[in-house]
Every structure is written in structure tokens, then in C-alpha cells.
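User: Please guide me through this structure by question and answer. I should like each answer to set out its reasoning before it closes.

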Amino acid sequence: MLQGFKDFIMKGNVVDLAVAVVMGGAFGAVVTALVDKIIMPLISMLVGSPNFDQFLVFGQVQIGAFLTALVNFLLVALAIYFVIVLPMNKAIERRNARLGITEEEEAPADPNTVLLTEIRDALKGRAN
């Protein structure tokens with residue numbers, strides 16, 4: 001019984017995925033609050049409006065509403081990058097350096113690419 005459960009967990013990392021979904025939802029709420037309650041009011045101090053919804057309105061065409069959504073998206077993307085992606089990449093680099101893991105250069109699959117690279121390197125050495 002336990003071996004079957006272990007195989008189930010190891011194959012798909014279901015628990016890791018579930019934790020990621022829950023944490024992503026919770027972090028989304030934090031970032032939304034940051035954007036709606038802190039960053040957009042700061043922008044409204046500069047622009048005079050908490051959003052751009054009434055900016056560039058031509059009848060039914062509301063370009064300002066698109067600009068508001070675009071600014072919100074960019075702020076959320078920046079927050080996710082600086083709070084999750086960048087620290088995670090640094091942590092992975094530190095772990096790999098501690099363990100002595102180096103990134104291997106990917107070998108070209110095409111033999112013609114290998115041959116052309118060798119010819120190029122030989123011509124460079126010959127020209128010098």
C-alpha cells in the first residue's frame with residue numbers, strides 16, 4: 001500500500017503541484033492588494049486619478065480601461081519576478097555552487113553543426 005502511494009507521489013509530484021497552486025492563489029491576493037491599495041494610489045497622486053478608465057474615451061472605445069489593466073498586469077508581473085523568480089534563481093545558483101554542479105553546454109545534435117564549428121575554429125586559428 002505504502003509503495004503504491006510513494007510511486008504515485010514520485011511520478012507526478014502531485015503534492016508539489018497542489019502546494020504551488022495554493023501558494024500561487026494566496027500570493028495573487030497579496031500582489032493584488034499591493035497593486036490596488038499601495039501602488040495605484042501612489043500613481044493617482046501623480047496623475048490625479050486612481051485609474052486611467054476615463055483617459056482617452058471615444059464613445060464606446062475606452063483606451064484608458066485597457067491602460068489600467070495593462071499597468072495592473074505589469075505591476076503584478078514585476079512583483080512576481082522580484083519576489084519569487086529572482087530569489088528562486090539566486091537560491092538555485094547558490095545551491096548548485098555549494099554542490100559543485102555546473103551547467104553543461106548542450107551538444108549540437110546535428111553533425112554538420114559540429115563540423116562547421118570545427119572548420120570555423122580552425123580558420124580563426126589560421127587567420128591569427
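**Helices, core and rings**

User: What is the phi of Gly100, the residue that follows H3?

Analyst: Helices (H or I, at least four residues) and strands (E, at least two) are DSSP runs, numbered from the N terminus. Helix H3 is followed by Gly100. The phi of Gly100 is positive, near 80°.

User: What is the mean pLDDT of the protein?

Analyst: This is a predicted model, in which local features need pLDDT of at least 70, side-chain atom pairs count only at pLDDT 80 or more, and totals for chains, interfaces and linings use all residues. Residues are numbered from 1 along each chain as its sequence is written, while side-chain values use heavy atoms and leave out hydrogens and water. The pLDDT is the predictor's confidence in each residue, from 0 to 100. Of the protein's residues, 84% reach 70 or more, and the mean is 78.

User: Which element has the highest mean pLDDT?

Analyst: Helix H1 (residues 2-12) has the lowest mean among the elements, 57. The highest, 85, belongs to helix H4 (residues 111-127).

User: How far apart are the end C-alpha atoms of H3?

Analyst: The expected span of a helix is 1.5 Å times one less than its number of residues. H3 (residues 63-99) has 37 residues and should therefore span 54 Å. The distance between its end C-alpha atoms agrees with this, at 52 Å.

User: On which residue is the kink in H3 centred?

Analyst: The bend at a residue is the angle between axes fitted to the seven residues ending there and the seven starting there. In H3 the kink is about 40°, and its centre is Tyr81.

User: Which helix gives the most residues to the largest nonpolar core?

Analyst: A nonpolar core is a set of buried (under 20% relative accessible area, 1.4 Å probe, protein chains only) Ala, Val, Leu, Ile, Met, Phe, Trp, Tyr and Cys residues joined through side-chain atoms within 4.5 Å. The largest has six members: Phe27, Val31, Val35, Met40, Leu75 and Ala79. At least two residues come from each of H2 and H3. With four residues, the greatest contributor is H2.

User: How are the rings of Tyr81 and Phe82 arranged, stacked or edge-to-face?

Analyst: Rings of Phe, Tyr and Trp (its six-membered ring) pair if their centres lie within 6.5 Å, and planes under 30 degrees apart count as stacked, over 60 as edge-to-face and the rest as tilted. The whole structure holds one aromatic pair. The centres of the Tyr81 and Phe82 rings are 5.2 Å apart and their planes lie at 80°, so the pair is edge-to-face.

How values were computed
Buried means under 20% relative accessible area, exposed over 50%, partly exposed in between (1.4 Å probe, protein chains only).
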